[in-house]
Amino acid sequence: MGEWIRFWIVAAILMCGIIAFIMATVGVLRFGFVMNRMHASGIGDSLGLGCVVIAMIVASGLNLASLKLLLLILFMWLTSPVSTHFLSTIEINTNPFIRRHVRIVSDESGTVDSKKGMR
């Protein structure tokens, strides 16, 4: 009986992860602006991968592999925002038509603060 409960819990969490991945894929394909695409792909990174790895942890039980899977989630949650910030900085600095989508605000030193510039 306990194995069936674990099976259905794992199946439900996996389905949530698969739905998050599908939504992220549709968002990446549907949105036209790079910043919107990065937001949609970030959902797939964070929520989709998190759900899939949590389902794997529940399926395997508490052991050393579960600890490794938790470290994988931690690594992905720490590196995904860094890479997204890097890509958005590149987009702001290289796209000549960026001012059509966002308002760029820079301080006296010339550094760009994109959070202040959003409409």
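A residue is called buried when its relative accessible area is under 20%, exposed when it is over 50%, and partly exposed in between, using a 1.4 Å probe and protein chains only. With that in mind, look at the whole protein: 25% of its 119 residues count as buried.

Before you click around, remember that this is a predicted model, where local features need pLDDT of at least 70, side-chain atom pairs count only at pLDDT 80 or more, and totals for chains, interfaces and linings use all residues. Residues are numbered from 1 along each chain as its sequence is written, and side-chain values use heavy atoms, with hydrogens and water left out.

**Stop 1: the overall fold**

Switch to cartoon view. You should find 4 helices and 2 strands, in the order α-α-α-β-β-α from the N terminus. Helices here are DSSP runs of H or I with at least four residues, strands are runs of E with at least two, and both are numbered from the N terminus.

**Stop 2: helix α2**

Select residues 34-60. This is α2, with 27 residues, and it reaches 38 Å from its first C-alpha to its last, close to the 39 Å expected at 1.5 Å a residue. (The expected span is 1.5 Å times one less than the number of residues.) Now colour its buried residues, among them Met35, Met38, Gly42, Gly44, Gly48 and Val52. What do the buried residues of α2 pack against? Their partners are α1 (2-30) and α3. Just after α2, click on Gly61, which has a positive phi, near 85°.

**Stop 3: helix α3**

Next, select residues 64-94. Helix α3 has 31 residues and spans 45 Å between its first and last C-alpha, close to the expected 45 Å. At its start, a side-chain oxygen of Asn63 comes within 3.2 Å of the backbone nitrogen of Ala65. The buried residues of this helix are Ser66, Leu69, Ile73, Ser80, Ser88, Glu91 and Ile92.

Zoom in on Ser88, whose relative accessible area is 13%, so Ser88 is buried. Which residues does Ser88 touch, leaving aside its neighbours within four places in sequence? Look for Met35 and Met38; contact means heavy atoms within 4.5 Å.

**Stop 4: two cysteines**

Show Cys16 and Cys51 as sticks. A disulfide is a covalent bond between the sulfur atoms of two cysteines; here the cut-off is a pair of cysteine sulfur atoms within 2.5 Å. How many disulfides does the structure hold? The count is 0. Why is Cys16 not bonded to Cys51? The sulfur of Cys51 is the closest cysteine sulfur to that of Cys16, but at 5.5 Å it is too far for a bond. Cys16 is partly exposed, with a relative accessible area of 46%, while Cys51, at 15%, counts as buried.

**Stop 5: the aromatic cluster**

Finally, go to helix α1 and select Trp4, Phe7 and Trp8, which form one aromatic cluster. Rings of Phe, Tyr and Trp (its six-membered ring) pair if their centres lie within 6.5 Å; planes under 30 degrees apart count as stacked, over 60 as edge-to-face and the rest as tilted. The structure holds 2 aromatic pairs. In one of them, the ring centres of Trp4 and Phe7 are 5.8 Å apart and the planes sit at 80°, so the pair is edge-to-face. These two residues both lie in α1, 3 residues apart, about one turn of the helix. Phe7 and Trp8 also pair edge-to-face, at 5.1 Å centre to centre with 75° between the planes. Trp4 counts as exposed at 55% relative accessibility, Phe7 is partly exposed at 44%, and Trp8 is exposed at 55%.

Technical notes: Polar contact = N/O pair within 3.5 Å; in protein donor to acceptor, adjacent residues only side chain to side chain.
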